[in-house]
Amino acid sequence: MTIEFAPFLPLPFLAALAVISLALAALGFRASVRGTALRLLAALAVLAALANPLLLQENREQLTTVVPVVVDRSQSQETAGRREMTDKALAALKERLARFPLIEPRIVEAGAAENSDSPSTRLFEALNSAISDVPPARVGGAILLTDGQVHDVPGAGQSLGFAGPVHGLVTGKADEHDRRIEVLRAPRFGIVGEEQELTFRVFDDGRSTNAPARVTVSVNGEQTATVDATPGAETPFPFKVPRGGTNVVELTVDPVPGEVTEANNQAVHLIQGIRENLRVLLVSGEPHAGERAWRNLLKSDASVDLVHFTILRPPEKQDGTPINELSLIAFPTRELFVEKIEDFDLIIFDRYQHRGVLPILYYDYIAEYVKKGGALLIAAGPEHASEDSIALTPLETVLPAAPLGTMHEVGFYPRLSEKGKRHPVTRGLDGSTAEPPHWGRWFRTVDVEPPKGETVMTGDGDRPLLVLDRAGEGRVAMLLSDQGWLWARGFEGGGPHVSLYRRIAHWLMKEPELEEEALTAKAAGHLLEVTRQTIGDAPGAAVVESPSGKTENLPLTEIAPGLYRGEKRMDETGLFKITNGELSTLAHVGAADAQEFKAMISTTEALKPVAERSKGYLGRLDDGRGGLRIPDILPVRSDIRVSDDKRMLIRMTDETVLKGIDTLPLFAGFAGLAVLLLAMSAMWWREGR
């Protein structure tokens with residue numbers, strides 16, 4: 001309650017009246033004039049009435065004390081029953097806080113940082129956002145419901161932004177232990193076939209068994225080795241990059257009984273395989289118009305090391321030319337086909353026929369080379385239908401099509417077969433979708449028996465034109481016409497000979513993107529994209545298994561013949577396993593070294609410094625008997641100087657809000673009139689004597 005003035009006259013005028021009144025009173029007292037005191041009293045009463053004194057009383061309402069309750073919903077909270085413990089503790093906290101009308105709880109659900117490739121649990125960021133609209137004086141404290149794995153705890157020199165205590169209620173059990181594995185160092189790129197080294201470490205959080213941990217290593221889904229690793233020590237692992245493109249190296253450590261989770265028992269590393277220059281052996285038979293097309297294509301590719309031999313004159317042709325003038329260098333048949341045949345990535349026979357240049361035994365070596373994983377391409381012409389055909393040598397054991405001994409010579413448009421429209425070697429070739437195709441004609445093919453393997457291109461009357469097949473671990477392609485050069489020369493508009501020849505070569509060398517049946521997956525941020533290639537029927541949905549063990553179906557939509565794709569934004573971060581039929585693949589969503597998965601056991605150590613500085617309570621929810629231990633809540637009206645190990649103290653705010661003001665004029669109405677009448681009457685009475 002206060003007194004204020006609202007004068008009816010300006011203050012200078014009132015001050016002048018007061019000075020005059022005091023001066024006259026002073027003169028009256030000096031001259032001993034009777035009634036001076038009463039006259040002064042009457043003057044002061046009139047001045048007080050003109051000053052209009054007011055009695056003010058404010059009506060204020062007590063503001064509530066804001067207490068944010070931050071609930072950890074990160075992925076580490078999905079393990080070992082922590083979510084159930086959190087939900088029960090949250091319900092109990094809500095009930096207890098509801099007993100205090102002047103406490104306003106704010107429930108904040110906080111998980112790993114959203115839209116982050118490297119997730120971490122950032123509870124204090126969520127806390128600051130929750131109280132950003134509240135003055136610091138109104139925040140009475142904060143309660144964190146978490147497993148203790150918090151990655152943004154303020155340091156000793158950082159301010160919380162409010163003066164209240166921070167309390168931590170930790171889920172999980174005190175005796176938890178967990179085994180995990182991390183990739184410490186590994187190359188991002190590697191040359192195919194060359195040895196690389198990856199270094200990893202196995203961690204035992206909590207108690208350690210001190211026993212060696214067995215680690216299984218898989219590359220591209222195929223188990224390659226097992227390694228015994230000592231927990232806590234760095235372990236190197238040498239391996240060879242098996243193929244070009246993306247290679248997935250997966251490390252899986254055997255679990256230990258009773259560990260918190262097996263979600264971090266796997267680590268994955270992606271390495272891009274880079275091929276050295278491809279070594280190609282091109283052997284051409286008698287000179288023909290298409291020979292240069294193959295040579296120009298291979299020579300134009302800087303990544304190809306080409307060895308090319310052309311048989312300019314068959315041995316039976318005797319024209320008197322001296323032997324030392326037949327070629328610039330002798331044809332090193334033994335060196336190429338016996339001693340160094342394994343060094344080649346691809347062997348091409350272009351219109352080659354058996355005329356004794358290669359001993360018959362060498363065809364056996366070539367067949368064995370293919371069966372052991374080599375690649376062979378036959379570009380056939382009329383010689384393939386003759387009695388000197390290489391299909392009549394031991395090479396026939398790996399060839400998918402046997403010649404009938406005749407040529408079919410008629411103009412035709414090469415067309416894709418039904419499987420060819422879906423096969424990655426021929427799918428989407430420029431001009432293939434039109435009828436007739438938008439490319440030039442060819443004019444002859446080799447007649448063959450019904451081939452093995454896949455016929456992806458056909459000639460006149462659906463005769464096989466391009467046949468792809470597997471032989472043992474290797475691959476064979478047969479192009480049953482020698483007129484691909486017509487496309488290279490632009491005849492009738494030409495055709496996509498470069499794309500076709502290059503795809504054939506890459507398929508032969510087992511490039512992953514050209515596999516007929518393939519399942520691949522990649523992640524961009526949290527968006528998982530799954531691609532399925534098939535030359536069969538629709539493959540159905542893919543099954544996605546998340547790091548937490550949950551599975552869900554991902555529908556695949558056909559985006560091109562034989563090519564299906566599906567994508568979905570994933571809520572979790574970590575290693576996902578995708579399966580479709582008998583095929584499976586792996587993809588890592590988010591960063592492989594995300595903090596969220598480096599440690600999964602619950603702990604009080606991370607929050608201990610901030611709880612001690614703010615005089616907060618820190619303890620586990622588990623009471624050791626299967627129940628919850630939730631401390632009492634004690635509101636206090638002063639600053640908190642000591643912590644309480646049994647209760648959560650809340651500093652109540654003194655902040656209020658003004659609701660209204662009551663005003664009472666002191667000289668208004670009968671009270672003011674009575675004072676003035678009393679003063680005037682006293683003065684009149686004194687004057688009357």
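Here are some short exercises on the predicted model above, each with a worked solution.

Residues are numbered from 1 along each chain as its sequence is written. Because this is a predicted model, local features need pLDDT of at least 70 and side-chain atom pairs count only at pLDDT 80 or more, while totals for chains, interfaces and linings use all residues; side-chain values use heavy atoms, with hydrogens and water left out.

**Exercise 1: the whole chain**

Task: Find how many helices and strands the chain has, and what percentage of its residues count as buried.

Solution:
- Start with the elements: the chain has 11 helices and 36 strands. Both are DSSP runs numbered from the N terminus (helices are H or I with at least four residues, strands are E with at least two).
- Now the burial: 46% of the 689 residues count as buried. Buried means under 20% relative accessible area, exposed means over 50%, and partly exposed is in between (1.4 Å probe, protein chains only).
- Then the contacts, meaning heavy atoms within 4.5 Å. Take those between residues at least 6 apart in sequence: 72% of them join residues at least 24 apart.
- Last, the surface: the chain exposes about 34,000 Å², with carbon and sulfur atoms supplying 52% of it. Accessible areas come from the Shrake-Rupley method with a 1.4 Å probe, and for residues only the protein chains shown count as cover.

**Exercise 2: checking a helix**

Task: Work out what span helix α3 should have, and compare that with its end C-alpha atoms.

Solution:
- Recall the rule: the expected span is 1.5 Å times one less than the number of residues.
- Helix α3 (residues 82-97) has 16 residues, so it should span 22 Å.
- Its end C-alpha atoms are 22 Å apart, which agrees.
- Next, look for the buried residues of α3: they are R82, M85, T86, A89, L90, A92, L93 and L97.
- Finally, ask what covers them: the cover includes β3 (65-72), β4 (103-110) and β5 (142-146), along with β6 (166-170), β34 (632-636) and β35 (647-651).

**Exercise 3: two buried loop residues**

Task: For Q77 and N265, say where each one sits and which polar contact its side chain makes.

Solution:
- Q77 is in the loop between β3 and α3. Its relative accessible area is 3%, so Q77 is buried.
- A polar atom of the Q77 side chain lies 3.1 Å from the backbone oxygen of D72. A polar contact is a pair of N or O atoms within 3.5 Å; within protein, one must be able to donate a hydrogen and the other to accept it, and residues adjacent in sequence count only if both atoms are side-chain atoms.
- Beyond its neighbours within four places in sequence, Q77 is in contact with several residues, among them R82 and T86.
- N265 sits in the loop between β13 (245-253) and β14 (266-274). N265 has a relative accessible area of 2%, so it is buried too.
- The side chains of N265 and E259 share a polar contact of 3.0 Å.

**Exercise 4: buried or partly exposed?**

Task: Decide whether L554 and G193 are buried or partly exposed, and find a C-alpha distance for each.

Solution:
- L554 lies in strand β28 (residues 551-554). At a relative accessible area of 6%, L554 is buried.
- A542 is 12 residues from L554 along the chain, and their C-alpha atoms are separated by 5.1 Å.
- G193 is in the loop between β8 (189-191) and β9 (195-205). Its relative accessible area is 43%, so G193 is partly exposed.
- E276 is 83 residues from G193 along the chain, with 9.1 Å between their C-alpha atoms.
- Leaving out residues up to four places away in sequence, G193 touches K240 and V241.

**Exercise 5: backbone oddities**

Task: Find which peptide bond is cis, and what phi R351 and E492 have.

Solution:
- Begin with the background: most residues other than glycine have a negative phi, and most peptide bonds are trans.
- The bond from E435 to P436 is cis, with omega near -5 degrees. P436 is in the loop between β20 (415-416) and β21 (442-448).
- R351 has a positive phi, near 50 degrees. R351 is buried, with a relative accessible area of 8%.
- E492 also has a positive phi, about 50 degrees, although it is not a glycine. At 38% relative accessibility, E492 is partly exposed.
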